[in-house]
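Me: Please take me through the packing of this structure by question and answer.

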Amino acid sequence: MALLEIHNVTRRFGDFTAVDNVSISIKAGEFFTLLGPSGCGKTTLLRMIAGFDLPDSGQILLDGKDMVGTPPEKRPIHTVFQSYALFPHMTVADNIAFPLKMAGTTPDEIRSRVREAMDDVRLSNFGNRFPQELSGGQKQRVAFARGLVNRPRLLLLDEPLGALDAKLREEMQIELINLQKERGVTFVFITHAQNEALALSHRIAVMNQGKIEQLDEPSRIYGFPRNRFVADFIGKISIMNAQVLETAPSHLTLSVAGLGEVTAPSKEDVKVGDTGVLAIRPEQVRISHHAEEVELKNHFIGKVQGFLYVGDVTTYIVELPNGARIEALLPNSAPGRAKFFEAGDPVAVSWRHDAGTFLND
Amino acid sequence: MIKGNTKANRTAKWLVSGPPLLFLLVFFVAPSLIMLFTSLRLPGEFGGLAPIAAPAEAVHGEYGLTLETYQFFFSDILYAEIFLKSFAVAAASTLICLIMAYPLALLIARSEKRFRNLMVLLVVLPFASNFLIRIYAWMIILGPESVFSHFINAFLGAFGIAPVTLLFSPFAVLVGMVYVHLPFMVLPLYTNLEKHDPALLDAAQDLGANAWQRFWRVTWPLSLPGVFSGAALVFIPVLGMFAVPDILGGTGDILIGNLIKDQFLGTRDWPFGSTLSIMLTLAVLAITGLAAWFARPATIAER
């Protein structure tokens, strides 16, 4: 049985539907992420799981028990807030002890559990400090410890890494993965940062306008986006209008205006004549000097329009004869060299027959 | 923070803090010293003060410096009683103001932003009319012929209790004190409560705290600075207040404020009036010091 079941949950504010008939089932021990742009309904959904808001219709079941009518303080669910919400008048130790005190744990037990929790987040010597004396990363770790100390069935994390700088964020991501593994607590994480979601989660639900666009493992979300929104929202992707010419068990043949025939991996629910887009990731596109005139599938001649150097890789923007732009990515293996092609260079771009995805309109 | 180690910074610091320091020096330290000096002198024959040095022409009367007024203060238990009674009235007024003001301040702080300023305006609105007029209005409200008095006595009569006189009683003094000083408690409390981060209450609730625990463990401790400034703004003025006991109190309801006022305006004994003022200032300083000591941030080691 799933730990948390969300059944057809809808929440409206006036005429605005914040959460629109969402169903999710989360397994015990899972690191589950709700990913979406701001205003997509992920925070509303989180608040309903925590109990701060109630669904207009639908059910939220924890361990098979309906949570409607159980106030937040009675739910075995704790939250790590975006702003951390540490109590400024309490020391680190008192902050972490708070949920235990509320639960009526004995003082001896509180002392040992708090010590253990502080060790877990590497803050053993910070018990007497006040939150305002801590750095952002330390505050973050206190918030994690406070959320986990009373062993909740579910820990909700509301964009907890949003306020940290990039380097610290990466460190905290690794720490968060380890913490979750050690503690075995189920995490529901919300974020608008797609790379964070991909790095941390067992499964991701991509949300947009109150609905779930796709729910899957990170590699499948990235590799096989189900629609244009998911493809666009997660990672970089080049998109060209296409129409289906032929469907075979192994592949689809598409017609792309100005390019001719292109193949793409086969997909269910696609019929001959369907229109849509061909979407392809920059790292799947090979770019080379166009010296060799070969007649291959998915091989086209274009011109470098521009490039974007970010250190480890350079992204080249190539204009194809049909006017479409495709991005290709090359690792910068030669030290001190920012690019292998200049703007205006004629180049060949190609991709494997199993790269790219056709997305119906 | 600006580190004050360059010369320009030091000059700037003095320029900024100089005027208020000067103000305090001229209008607080100097008068206090004058009062201290006055308390050591002898009263003049027709009010005012007697000369310190022997006058040139041989006039009868006393002159010089003396500690007599302090001796007088400590020799009569009456003064200690009046001090104690005044402190009791001040403490009671402060407590009642706190109990009445806290829910109101919390209500204002948690209502919608656009209504808050209006509500604060309503709290300070009584200041728009004269203080004495408002106190005299209470004479009418508490007077024997008022609807309020009739209602109270009818209520007491139903239980077989003899009718009471509300006016010219310690009760009337307390009502007046609380009425006058209530806004001074509401405003600092509101200013404090308004700044609380609502996420803290969500966090407390999320971590298992019920409504009472959320108040007692989060809202109340965070509001203590507001409670202390409100208490100071009520307690200290009540101690010195003489108009309310004069108008609403009976003959027995004399407080320090009345006593000091009488020394200057009635019996014209300036030195003793100054002595009483100095004793009052010392007592207030002692109490504030004690309060600050108890309110200091506690650390784990001391718990």
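The exchange below concerns a predicted model and takes up its aromatic pairs, a helix, the nonpolar cores and one loop residue.

Me: How are the rings of Tyr316(A) and Phe341(A) arranged towards each other, stacked or edge-to-face?
Reply: The ring centres of Tyr316(A) and Phe341(A) are 5.6 Å apart, and pairing requires centres within 6.5 Å. The planes meet at 85°, and an angle over 60 degrees counts as edge-to-face. The arrangement of Tyr316(A) and Phe341(A) is therefore edge-to-face.

Me: How many residues apart in sequence are the parts that this pair ties together?
Reply: Tyr316(A) belongs to strand 17 (residues 313–319) of chain A. Phe341(A) is in the loop between strand 18 (325–331) and strand 19 (346–350) of chain A. Both residues are buried. The parts tied together are 25 residues apart.

Me: Why does the pair of Phe72(B) and Phe272(B) count as edge-to-face, and which elements does it link?
Reply: The ring centres lie 5.1 Å apart with the planes at 65°, so the pair is edge-to-face. The two residues are 200 residues apart and thus link distant parts of the chain. Phe72(B) sits in helix 2 (residues 68–75) of chain B, and Phe272(B) in helix 12 (residues 270–295) of chain B.

Me: Which residue counts as buried, Phe72(B) or Phe272(B)?
Reply: Buried means under 20% relative accessible area. Phe72(B), at 40%, counts as partly exposed. At 2%, the residue that counts as buried is Phe272(B).

Me: Which residue lies over the face of Tyr222(A), and at what distance from the ring centre?
Reply: Chain A has an arginine placed over the face of Phe87(A), namely Arg146(A), at 4.8 Å from the ring centre. Over the face of Tyr222(A) lies Arg281(A), at 3.9 Å from the ring centre.

Me: Where do the buried residues of helix 3 of chain A fall, seen down its axis, and against which helices do they pack?
Reply: Helix 3 (residues 107–120) of chain A spans 20 Å from its first C-alpha to its last, close to the 20 Å expected. Its buried residues are Ile110(A), Arg113(A), Val114(A), Ala117(A) and Met118(A). They fall within an arc of 135°, so they line one face of the helix. Their packing partners are helix 2 (92–102) and helix 4 (136–148) of chain A.

Me: Which helix gives the most residues to the largest nonpolar core?
Reply: The largest nonpolar core has 56 residues, and Phe83(B), Leu239(B) and Leu276(B) are among those with the most contacts inside it. A contribution of 14 residues, the most to this core, comes from helix 3 (residues 77–110) of chain B.

Me: How many residues does the other core, apart from this one, hold?
Reply: The other core lies apart from the largest one. Its members include Val19(A), Cys40(A), Leu46(A) and Ile77(A). The number of residues in this core is 41.

Me: Is Asp56(A) buried or partly exposed, and which residues does it touch?
Reply: Asp56(A) is placed in the loop between helix 1 (42–50) and strand 4 (57–62) of chain A. At 42% relative accessibility, Asp56(A) counts as partly exposed. Not counting residues up to four places away in sequence, Asp56(A) touches Thr10(A), Arg11(A) and Arg12(A).

Notes: Residues are numbered from 1 along each chain as its sequence is written. Chains are lettered from A and ligands numbered from 1 in the order in which they are written. This is a predicted model: local features need pLDDT of at least 70, side-chain atom pairs count only at pLDDT 80 or more; totals for chains, interfaces and linings use all residues. Side-chain values use heavy atoms; hydrogens and water are left out. Rings of Phe, Tyr and Trp (its six-membered ring) pair if their centres lie within 6.5 Å; planes under 30 degrees apart count as stacked, over 60 as edge-to-face and the rest as tilted. Helices (H or I, at least four residues) and strands (E, at least two) are DSSP runs, numbered from the N terminus. Buried means under 20% relative accessible area, exposed over 50%, partly exposed in between (1.4 Å probe, protein chains only). A charge sits over a ring if NZ of Lys or CZ of Arg is within 6 Å of the ring centre and within 35 degrees of the ring normal. The expected span of a helix is 1.5 Å times one less than its number of residues. The arc is that of the directions from the helix axis to the C-beta atoms. Contact means heavy atoms within 4.5 Å. A nonpolar core is a set of buried Ala, Val, Leu, Ile, Met, Phe, Trp, Tyr and Cys residues joined through side-chain atoms within 4.5 Å.
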